Amino acid sequence: MNQISPAAAGQASRTARDPELRVPSEPENDSPLIQVQNLSKIYKTARGAFHLFDSLNLEVAAGEMVAVVGQSGAGKSTLLHMLGALDAPSSGTVYCASTNVASLSAREAALFRSRKIGYVWQFHYLLPEFTAQENVAMPLLARGVGKAEAMALAANWLKEVDLDDRATHRPGELSGGEQQRVALARALVNTPRLLLADEPTGDLDGLTAGRIFELIQRLHQSHGLTSILVTHNLELAARCTRVLRLENGRLTQMGHTRD
Ligand code: ADP
């Protein structure tokens with residue numbers, strides 16, 4: 001199945017550790033990192049077809065930090081899943097880092113996710129029987145990185161999220177904010193270009209939520225990420241470069257765009 005955009009045809013990359021990975025490593029310089037065209041998602045239910053989106057369009061430039069807000073059930077998580085190759089649209093195209101993610105096979109989608117996307121969810125989904133450092137190392141080990149190297153890289157990432165003094169703690173021995181810091185380190189340990197965060201502060205108190213958001217902002221800037229955050233927190237959303245509201249299957253821009 002051809003997963004490469006017309007613009008990027010012929011630029012497929014391979015890496016030593018991911019010999020099967022055929023997705024191109026870089027987008028065209030002047031093209032948006034994310035380009036969604038005529039996206040539709042239709043669920044077949046017992047009561048008939050449910051059209052969540054019919055013709056949704058979105059462009060996100062490299063380096064943007066975009067907040068997506070909207071009522072519960074508007075389709076924010078579904079949109080994020082389709083951007084990150086976790087769910088397939090009913091029709092339309094989703095170009096993400098020069099790859100039409102909608103056309104990937106299940107195996108290609110898994111490789112694409114592990115190399116290009118960092119995910120953070122409302123709940124941390126850390127493995128309870130492993131330490132913070134082991135949890136962060138997990139995506140590297142899954143790619144075939146040796147244990148010593150994976151653990152060393154994980155230790156560096158725990159420093160990045162100000163948690164190096166908790167490396168040997170298990171998730172149950174960490175606070176909610178600390179657990180989310182570990183989840184962020186795990187999301188970024190494979191150095192993805194795109195960070196997708198679904199209510200990353202939704203389970204935290206106001207003060208901790210603000211601190212986690214500031215950490216995401218810092219990591220976004222220092223690692224040159226493109227980030228899309230789904231959030232109910234309008235105050236935090238307003239601190240992103242752009243706020244989009246998802247309503248009735250349409251995305252509309254709210255307020256002004258920050259530099
Ligand atoms: P949000 O993240 O904005 O709260 P979601 O993306 O989780 O919204 O869900 C959007 C809508 O799609 C909801 O109304 C949900 O019930 C519906 N939905 C999600 N998955 C399915 C499914 N497999 N079958 C039918 N409807 C679904």
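Two strands are said to pair if DSSP finds at least two bridges between them, and this idea is a useful way into the structure above, which is a predicted model.

**Overall picture**

The secondary structure of the protein comes to seven helices and ten strands. Of its 259 residues, 41% count as buried. Among the contacts in the protein with a separation of 6 or more, 69% are accounted for by residues 24 or more positions apart.

**The strands and how they pair**

Strands of a sheet pair through backbone hydrogen bonds, either parallel or antiparallel. In this model, four strands form an open sheet in the order S2-S1-S4-S5, with antiparallel pairing. S2 and S5 are the edge strands of this sheet, each of them pairing on one side only. Within the sheet, S1 and S4 are joined in the antiparallel sense over five bridges, and Ser 40 stands opposite Ser 91 in S4.

Strand S9 takes part in two further pairings. With strand S3, residues 65-69, S9 runs parallel and is joined by four bridges, and the bridge partner of Val 69 in S9 is Arg 245. With S10, by contrast, S9 runs antiparallel over five bridges, and here Glu 247 has Arg 250 in S10 as its bridge partner.

**Residues with a positive phi**

Most residues other than glycine have a negative phi, and most peptide bonds are trans. Which residues in the model, then, have a positive phi although they are not glycine? Ser 98 is one of them, with a phi of about 70°, and Asn 248 is another, with a phi near 50°. The table sets these two residues side by side.

| Residue | Phi | Loop between | C-beta neighbours within 10 Å | Class |
|---|---|---|---|---|
| Ser 98 | about 70° | S4 (91-96) and S5 (99-100) | 24 | buried |
| Asn 248 | near 50° | S9 (242-247) and S10 (250-254) | 11 | exposed |

Is Asn 248 buried or exposed? Asn 248 is exposed because 11 other C-beta atoms lie within 10 Å, and a residue counts as exposed when this number is 12 or fewer. Ser 98 has 24 C-beta neighbours inside 10 Å and therefore counts as buried, since the cut-off for a buried residue is 20 or more. Asn 248 belongs to the hairpin of S9 and S10, which has two residues between the strands. A glycine can be added to this picture, for H3 is followed by Gly 144, whose phi is positive, near 95°.

**Helix H3 and the nonpolar core**

In helix H3, which covers residues 132-142, the buried residues are Ala 132, Gln 133, Asn 135, Val 136, Ala 137, Pro 139 and Leu 140. An α-helix has 3.6 residues a turn, so residues three or four places apart point the same way. The buried residues of H3 pack against three other helices, namely H2 (106-116), H4 (147-160) and H5 (176-188).

In soluble globular proteins, nonpolar side chains tend to be buried together. The largest nonpolar core of this model has 69 residues, and those with the most contacts inside it are Val 68, Leu 83, Val 94, Val 136, Leu 184, Ala 185 and Leu 196. The largest share of this core, six residues, comes from H5. What does Leu 83 touch, if residues up to four places away in sequence are not counted? Leu 83 touches Ile 34, Val 94, Cys 96, Leu 196 and Ile 228.

**Cys 240**

Cys 240 lies in the loop between helix H7 (234-237) and S9, and it is buried because 24 other C-beta atoms lie within 10 Å. Leaving out residues up to four places away in sequence, Cys 240 touches Met 65, Val 66, Ala 67 and Leu 229. Its C-alpha atom and that of Ser 227, which is 13 residues apart along the chain, are separated by 9.3 Å.

**Around the ligand**

The ligand is surrounded by Tyr 43, Thr 45, Phe 50, Leu 52, Gly 70, Ser 72, Gly 73, Ala 74, Gly 75, Lys 76, Ser 77 and Thr 78. By class, this shell has four nonpolar, seven polar and one charged residues. Strand S1 (34-45), strand S2 (48-60) and helix H1 (76-83) each supply at least two residues of the shell, and the largest share, three residues, comes from H1.

Conventions
Residues numbered from 1 in each chain as written. Predicted model: local features only at pLDDT ≥ 70, side-chain atom pairs only at ≥ 80, totals over all residues. Contact = placed C-beta atoms within 7 Å. Core = buried A, V, L, I, M, F, W, Y, C linked by C-beta atoms within 7 Å. Near = placed C-beta within 6 Å. Nonpolar A, V, L, I, M, F, W, Y, C, P; charged D, E, K, R; others polar.
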